[in-house]
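Let's take a relaxed walk through this one, piece by piece. Have the structure open as you read.

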Amino acid sequence: MGLGERLSKVFGSSQESKTPVNPTKVENSENKTKTEEKLVADKITIGHVHMSGCSGCVVSIADTFEGLFTLLDNYADLVYCLTLADVRDIPKMDVALVEGSVCINDHHSIEDIRKTRENATIVVALGGCASYGNITRFCRGGQWNQPGHEAFVPIGDLINVDVYLPGCAPTPEAIRNVCVMAYLLLKGNDDQKALATKYLEPLMKLPTLGTEACGCDLMTKIINHGLCMGCGTCCASCPVRAITMQSGKPNIERDMCIKCGACYTACPRSFISLELTAQFETILGAIDGAMNP
Amino acid sequence: MVLGNYKAVCAARAADANIRNGAQDGGIVTAMFAYALEAGIIDGAIVAGPGEKPWQPEPTIATTVDELLAARGTKYNICPNMAMIKEATRSYGLDKIGIVGTPCQMQALRKAQLYPIGVRSVPDKIALAIGIFCMENFPYDGMKAIVEDHCNVPMQSLAKVDIGKGKFWAYTNRGAVTQIPLKETHKYEQPGCHVCLDYVANLADVSTGSVGSPDGWSTVFVRTAKGETIWGQAAKAGVFEVQDIGSVQPGLALVEKLANQKISGNQKYIEQRAGYGIGKTLNNPYI
Ligand SMILES: Cc1cc2nc3c(=O)[nH]c(=O)nc-3n(C[C@H](O)[C@H](O)[C@H](O)COP(=O)(O)OP(=O)(O)OC[C@H]3O[C@@H](n4cnc5c(N)ncnc54)[C@H](O)[C@@H]3O)c2cc1C
Ligand code: SF4
Ligand code: SF4
C-alpha cells in the first residue's frame, strides 16, 4: 500500500466512504438513539502574523470558506490573528503564517518578526511579500503617515524560515493543502509524516535558495538550464499577466513583473517529485476527505 | 512502472467516422471530449486549435463540438495548453475543465493541483485530463525546417504529419507523401524534452497514442477513477469501438519498449548533465 493510500484510509477519500480522523463514538445525551461520529483530533495551534502586506493573504486564508471552519474545528486553533482573533501579543504556537515583508525602519516590525521566530515551531512565509519581497520591493517611502518607511525585506533576510508558500496572493487551495500537510507532519502517524515531509520538502527548500525572485528566474534557472518544455504553467500563474508564450517559451514583460516568485515555483521543471505526483489521485482525495469529514 | 498506474488498457477508435476523419489516430481525444461536453461532464476543453501560421497550434478553449473538431490532429510543435488553465475559469467561466496535453503538460497539471501556486480556483475544477503519448516535441521553427527543408513540402500544403516506423511522414493536401529517417529530425527537437521521464502520460485520467495499435486505431490507458467512469459511460453510449489490446498487433510490448527507450535514454542524459561542470551542477527538477 502506498503512503497516499494509507493516508486516505485514515482521512477517507472523495471516492471512498469518508472516515474521519481518529473517529470516536460520542453518545449524544439528548438523543440516545442517535450516535454521531465526532472528530476528536489533536489540534495544532496556528497564528497569522501581519507584517507589511496588503491583507490579501489573510483574505486567502478566509477564502477557503467552510474550509476555514473545517480547519479550525478539526485541525487547528487560531491563537493569533489581528483581524480574526483578539490576542495582542504573539504567543507560542506550532505554525506561524507570516504575511508581508518587514519594514526595517519600524522597530515594532523587527521585534514582531523576532518574536515570531522565537515563539513558533514552524514559520511559513505566506505569500510573495514574506517570501520574496514582491510588490514591497518597489517601495520608495513618502507615504502618508510614515514617509520614512521605505526599506522592506523579505522575512528570510532577518530570520530562518521553514516554508515558503509564494503567490500574490497564495491561493486558498494551496493554503488548504499546506495546512493539511503541516497537520500531518506534526500530528500524523509515521506514514503520514513521511508523506507530508515529501510534500513539504520542496517548499522547505525554497528558503535555502534565497529571498530574491523574478520572472527572470524562468530564464536563468529553467530555460538557460535546458529544462523548459513550453507547458505554459508559468504564464497561467502570473498574477499580473507579465508572461506570454512566444515560440513555445515564456517571454517576461520585465517591467510588469512584481517579483512574487509564483511562476518559478509553479513551473514543473523547478521541482517535481514523480513518486509523490504519481499518487496525486489519492493525495487530492485525502485532502478532500480531510476538508469534508 | 514505465507505463504508469492504469486500471485498463485497450485498442479503440471513435465509432463516428466523421470524427475519425481528420483525427490523428482513432479520434479518441476528440470523441471523448465531444461526449463529455454533450453529457455535461465538462463545460469546455483546452485543445490545440488553429494558430496564426499554418500548423502552428494555439491553446484554445473549445466549448462546442465544432471547435473540438477544428482542433483535431497532432501538431508536432509546442502548444502551451497549461497557459489557458486559469483563463478557462476566469474569462470563460468553466467550472468543469477538460484539457489535453503531452506527458509533461499532465505533470504540470498535477503539480498545479498539488501545489496550486497562482492558479486560484483551478485545482478543484479539472474534470477530464486526456494525455497523449509523446517521445519528443519540436519548436515551431524546428518543425518548419523538417517539413520545408527536409521533406520539401510548403507548410501551407501540409495535410498531416506523423511519426511512426522510425520515420517522419509529411502528407500533402494533394495526396503526396514524403518520408525521411527520424534521425534527421533529432537535432530539431526541443532540448527540454530530453529530461522528460514519461512516455505515455502516466498522470492523465485517460491517455492515448498510436503506438501499439493498428493504423487508424489508438492505444488507450484508463488510469484514474474519474477516467474510468467517463470512459465507461462513453463506451456504453457507443462512442468507441473497442478491441482487446492482446488481440491487436503490435500490442503493448511495443509501447513498453518505446517507453523504456525514452526513459532510460533521458535518464542517461540527466546523469550526463550532472557531470558537465566541475564542482557545480546544472539544475535538476527531480526530487
Ligand atoms: C508532440 C507530440 C508527440 C507525440 N508522440 C507520440 C508518440 O511518440 N507515440 C504515440 O503513440 N503518440 C504520440 N503522439 C500522440 C498522437 O500523435 C495523437 O495525438 C494521439 O494518438 C491522439 O490521437 P487521436 O486521434 O485520439 O486524437 P485527435 O482526436 O486527433 O485529437 C488530438 C488532440 O490533441 C491535441 N493536440 C494536437 N497537437 C498538440 C500539441 N502539440 N500539444 C498538445 N495538444 C495537441 C489536439 O488539439 C486534439 O485535441 C504525440 C503527440 C504530440 C502532440
Ligand atoms: S512553466 Fe516552466 S517548463 Fe512550463 S513553459 Fe514555463 S518555464 Fe517552461
Ligand atoms: S513574472 Fe509574474 S509570476 Fe513571475 S515573479 Fe513576476 S509577477 Fe510573479
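## A pairing to start from

Look in chain B, where G131(B) has S207(B), in β9(B), as its bridge partner. That bridge belongs to a bigger picture: β5(B) and β9(B), which covers residues 206-209, pair in the parallel sense over three bridges. Keep in mind that you're looking at a predicted model.

## The sheet in chain B

Zoom out from that pair and you'll find an open sheet of eight strands. Follow the order β3-β2-β4-β5-β9-β10-β1-β11 in chain B, and note that the pairing is mixed. At the edges sit β3 (57-62) and β11 of chain B, each pairing on one side only. On average, neighbouring strands of this sheet are turned by 30 degrees against each other, if you ignore direction.

What packs on the sheet, touching β4 and β5 of chain B? That's α5(B), and its direction makes about 155 degrees with that of β5(B). For finding your way, β4 of chain B spans 97-101, while α5 of chain B covers 103-114 and β5 covers 126-132.

## The sheet in chain A

Chain A has an open sheet too, made of five strands in the order β4-β3-β5-β7-β9, with parallel pairing. β4 (76-81) and β9 (163-165) of chain A stand at the edges with a single partner strand each, so one side of each has no neighbour in the sheet. From one strand to the next, the twist averages 25 degrees.

At the β9 end, β7(A), residues 120-126, pairs with β9(A) in the parallel sense over three bridges. One residue pair to look up there is L126(A) with its bridge partner L165(A), which is in β9(A). Over at the β4 end, helix α3 of chain A (residues 66-75) lies across β3 (44-50) and β4, running at about 110 degrees to β4(A).

## Where the chains meet

How many residues of chain B are in contact with chain A? There are 45 of them, and they touch 52 residues of chain A. People often give the size of an interface as the accessible area lost when the parts come together. Here chains B and A bury about 4200 Å² between them, and 61% of it is on carbon and sulfur atoms. L114(B), I117(B) and I287(B) supply 19% of the area that chain B buries against chain A, more than any other three residues.

Charges show up here as well: three salt bridges are found across the interface of chain B and chain A. A search over all chains of the whole structure finds eleven. One pair that crosses between chains runs from R120(B), in the loop between α5 and β5 of chain B, to D63(A), in the loop between α2 (56-62) and α3 of chain A. The closest N and O atoms of R120(B) and D63(A) are 2.5 Å apart.

## Around ligand 3

Which residues come nearest to ligand 3? Of the 13 residues around ligand 3, they're C238(A), C257(A), C260(A), G261(A) and C263(A). Sorted by class, the shell has ten nonpolar, two polar and one charged residues.

## Backbone oddities

Most residues other than glycine have a negative phi, and most peptide bonds are trans. S121(B) isn't a glycine, yet it has a positive phi of about 70 degrees. You'll find S121(B) in the loop between α5 and β5 of chain B, and R120(B) of the salt bridge is in that loop as well.

There are cis peptide bonds to look at, too. One goes from C168(A) to A169(A), with omega near -10 degrees, and A169(A) has its place in the loop between β9 and α6 (172-187) of chain A. Another goes from Q249(B) to P250(B), with omega near -5 degrees. P250(B) is found in the loop between β11 (240-244) and α8 (252-274) of chain B.

Technical notes
Residues are numbered from 1 along each chain as its sequence is written. Chains are lettered from A and ligands numbered from 1 in the order in which they are written. This is a predicted model: local features need pLDDT of at least 70, side-chain atom pairs count only at pLDDT 80 or more; totals for chains, interfaces and linings use all residues. Side-chain values use heavy atoms; hydrogens and water are left out. Two strands pair if DSSP finds at least two bridges between them. Helices (H or I, at least four residues) and strands (E, at least two) are DSSP runs, numbered from the N terminus. Axes are lines fitted to C-alpha atoms, for helices over the stretch in contact, and angles run from 0 to 180 degrees between N-to-C directions. Contact means heavy atoms within 4.5 Å. A residue is near a molecule or strand if one of its heavy atoms lies within 4 Å of it. Ala, Val, Leu, Ile, Met, Phe, Trp, Tyr, Cys and Pro count as nonpolar, Asp, Glu, Lys and Arg as charged, and the others, Gly among them, as polar. Buried area is the accessible area (1.4 Å probe) that two parts lose on being put together, summed over both. A salt bridge is a side-chain nitrogen of Lys or Arg within 4 Å of a carboxyl oxygen of Asp or Glu.
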